[in-house]
Amino acid sequence: MWTFFHKLSSPRYFYNLSGRWLPWLAWSAAALLLIGTYWGLVVAPPDYQQGDSYRIMYIHVPSAWMSLFVYMVMACAAFIGLVWKMKLAEVIAADCAPLGASFTAMALITGMLWGKPMWGTYWVWDARLTSELILLFLYLGMIGLRGAIENPRTAARACGVLTLVGVVNIPIIHYSVIWWSTLHQGPIISRFAKPSVDPSMLWPLFIMVIAFMLYFAAVLLLRARCQILARERGSAWVRDLAART
Amino acid sequence: MNQPRVLSAYMMLLRRDVTLAYRNRAELANPPLFFVLVVSLLPLGIGPDSALLGKIAPGAVWVVALLATLLSLDNIFRSDFEDGALELLLISPQPMPVLVLAKVTAHWLIAGLPLLIFALPLALMLYLPWRALPVLIATLALGTPVLSLIGAIGVALTVGLRRGGLLLALLVLPLYIPVLIFATSAVSAAAAGLPVSGQLAIMAALLILALTLAPLAAAAALRIALN
């Protein structure tokens, strides 16, 4: 078990291993995305209240979940990178931020598109929307800080500190926003109370969540491999690899 | 044995920073001036309607206080970074979080405390009800140290960068949101005659949390920025 982790921290070992995993992850993500999209958009029955417009949920809900899940992955990687100075963890943490920002932006955009037919407005200062917007700002700050520092290892450690500060702050921000919106909100919040979802609608959602996870893993590995090659471009095995292709 | 030395290092650094700021009085006046200027721009932009101004006064005063703090944050570490004093602090035998805390205390005395004084006439000019004034001062007293503490983390992360100004706003402002929410809701509740002890208790909790954790994070960030 431990030897596996020790091996994993070697960039070369990780590069070879991830090369073997990547096709499996990518193809299963593509297949599940296709199945889930078809099932969600065509097979699943229309909602008795929202008609067909609820179907955007099959994109919106997985991306909203992923926006938080990616932050957790990034925080774990940042912690490992800060404590054990593991290069691979720094690479993973660095590649999580743009992916998390995209998932958050997608959740916000699909939420706005869904909000227009449902609530009659694109934006509501609701607790969940507001905390998602703040999460997007946190991701953008992370990307900005990484871009501003030239040395990649210094950038990784500075971003690691910022990520862990964010881990302490996200629950505080989230609950303060919830409290704020219950103080300020009118009747809009009650429209969120959905009837419990029928299994025929839930299954495609479940498949989409798994597909998003696999897609995230595949893209993360792909980006990490590129970054490892760039960082290790001076080492013998990378030159070897470049000479062979 | 060790305790008094740490304490005296804290006091010495605090006295040094306050003296340095006092010698440079023109810069000392900038954050309060900014605060006064922007708050007095608001009625010019919104109109002199007293009911509307009274309603937005808590939020207006607090948002501008946030920006004024942000403007002065860079002073915490910038000049010491440029003349190398910060590196000497890092290699000193005293624990770095304590030294960071001393610098943050100095920053609060220089930039945060004047806001408390200037907020009184400004709140009256914005027609905030009289009974909300003590609560406004209480939230500023509890909230501005949190702003300085969280800001110190952001400055420590960006101190080595040439153009850190806008980035600092992006890093720090999202983390200021809880303070803003609880402070303005306390002042609004006080203006409406409602109890505010809950909000003030949460702000005190935020202050204690920031006081214990922020110096550690800022010290770690300084070590990264300076190696």
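In this predicted model, the buried residues of helix H3(B) are Pro31(B), Phe35(B) and Val39(B). These three residues cover an arc of only 70° around the axis, which puts them on the same side of H3(B). Turn to the other side of H3(B) and you will find Leu37(B), Leu41(B), Leu44(B) and Gly45(B), which are exposed. What do the buried residues of H3(B) pack against? Their partners are helix H4 (50–73) and helix H7 (96–125) of chain B.

The length of this helix can be checked too. H3(B) covers residues 30–46, and at 1.5 Å a residue its 17 residues should span 24 Å; the end C-alpha atoms are 25 Å apart, which agrees. Just after H3(B) comes Gly47(B), with a positive phi near 115°.

**A look at the two chains**

Both chains can be set side by side in a small table.

| Chain | Helices and strands | Span of the C-alpha trace along principal axes | Buried residues |
|---|---|---|---|
| A | 8 helices, 0 strands | about 65 × 40 × 30 Å | 37% of 245 residues |
| B | 10 helices, 0 strands | about 55 × 35 × 30 Å | 46% of 227 residues |

Read from the N terminus, the elements of chain B run α-α-α-α-α-α-α-α-α-α. Chain B has a radius of gyration of 18 Å, close to the 17 Å that the globule rule gives for 227 residues, so chain B is as compact as a globular protein of that length. Contacts in chain B often link distant parts of the sequence: among those between residues at least 6 apart, 82% join residues at least 24 apart.

For chain A, the run of elements from the N terminus is α-α-α-α-α-α-α-α. Here, residues 24 or more positions apart account for 79% of the contacts with a separation of 6 or more. One of the helices of chain A is H3(A), residues 57–84. This helix has 28 residues and reaches 40 Å from its first C-alpha to its last, close to the 40 Å expected at 1.5 Å a residue. H3(A) is followed by Lys85(A), whose phi is positive, near 50°.

**Inside the nonpolar core**

Which residues have the most contacts inside the largest nonpolar core? They are Val61(B), Ala156(B) and Ala221(B), in a core of 137 residues. Helix H9 (residues 165–191) of chain B gives this core its largest share, 15 residues. In soluble globular proteins, nonpolar side chains tend to be buried together.

Val61(B) is a good place to start exploring. Leaving aside neighbours within four places in sequence, Val61(B) is in contact with Val39(B), Ala119(B), Leu122(B), Ala123(B) and Leu136(B). Val39(B) has already appeared above, as one of the buried residues of H3(B).

Ala156(B) leads on to another residue, Phe77(B). Phe77(B) sits in the loop between H4 and helix H5 (78–83) of chain B. Is Phe77(B) buried or exposed? A residue is buried if 20 or more other C-beta atoms lie within 10 Å of its own; Phe77(B) has 27 of them and is therefore buried. Leaving aside neighbours within four places in sequence, Phe77(B) is in contact with Leu86(B), Val155(B), Ala156(B) and Val159(B). Phe77(B) and Leu20(B) are 57 residues apart along the chain, and their C-alpha atoms are separated by 13 Å.

**Where the chains touch**

Ala225(B) brings the other chain into view. This residue belongs to helix H10 (residues 197–226) of chain B, and counts as buried with 23 C-beta neighbours inside 10 Å. Not counting residues up to four places away in sequence, Ala225(B) touches Ala158(A) from chain A, along with Ala156(B), Leu157(B), Val159(B) and Gly160(B) from chain B. The C-alpha atoms of Ala225(B) and Leu88(B) are separated by 14 Å, while the two residues are 137 apart along the chain.

How many residues of each chain take part in the contact between A and B? On the chain A side there are 23, and they are in contact with 19 residues of chain B. The elements of chain A that give two or more residues to this side are helix H5 (127–148) and helix H6 (152–184). H6(A) provides the largest share, 14 residues. By type, the residues on the chain A side divide into 17 nonpolar, 5 polar and 1 charged.

Note on methods:
Residues numbered from 1 in each chain as written. Chains lettered and ligands numbered in written order. Predicted model: local features only at pLDDT ≥ 70, side-chain atom pairs only at ≥ 80, totals over all residues. Contact = placed C-beta atoms within 7 Å. Helix = DSSP H or I, 4+ residues; strand = E, 2+ residues; numbered from the N terminus. Nonpolar A, V, L, I, M, F, W, Y, C, P; charged D, E, K, R; others polar. Rg over C-alpha atoms; globule rule 2.2 N^0.38 Å. Buried ≥ 20, exposed ≤ 12 C-beta atoms within 10 Å, placed from the backbone. Expected span 1.5 Å × (residues − 1). Arc of directions from axis to C-beta. Core = buried A, V, L, I, M, F, W, Y, C linked by C-beta atoms within 7 Å.
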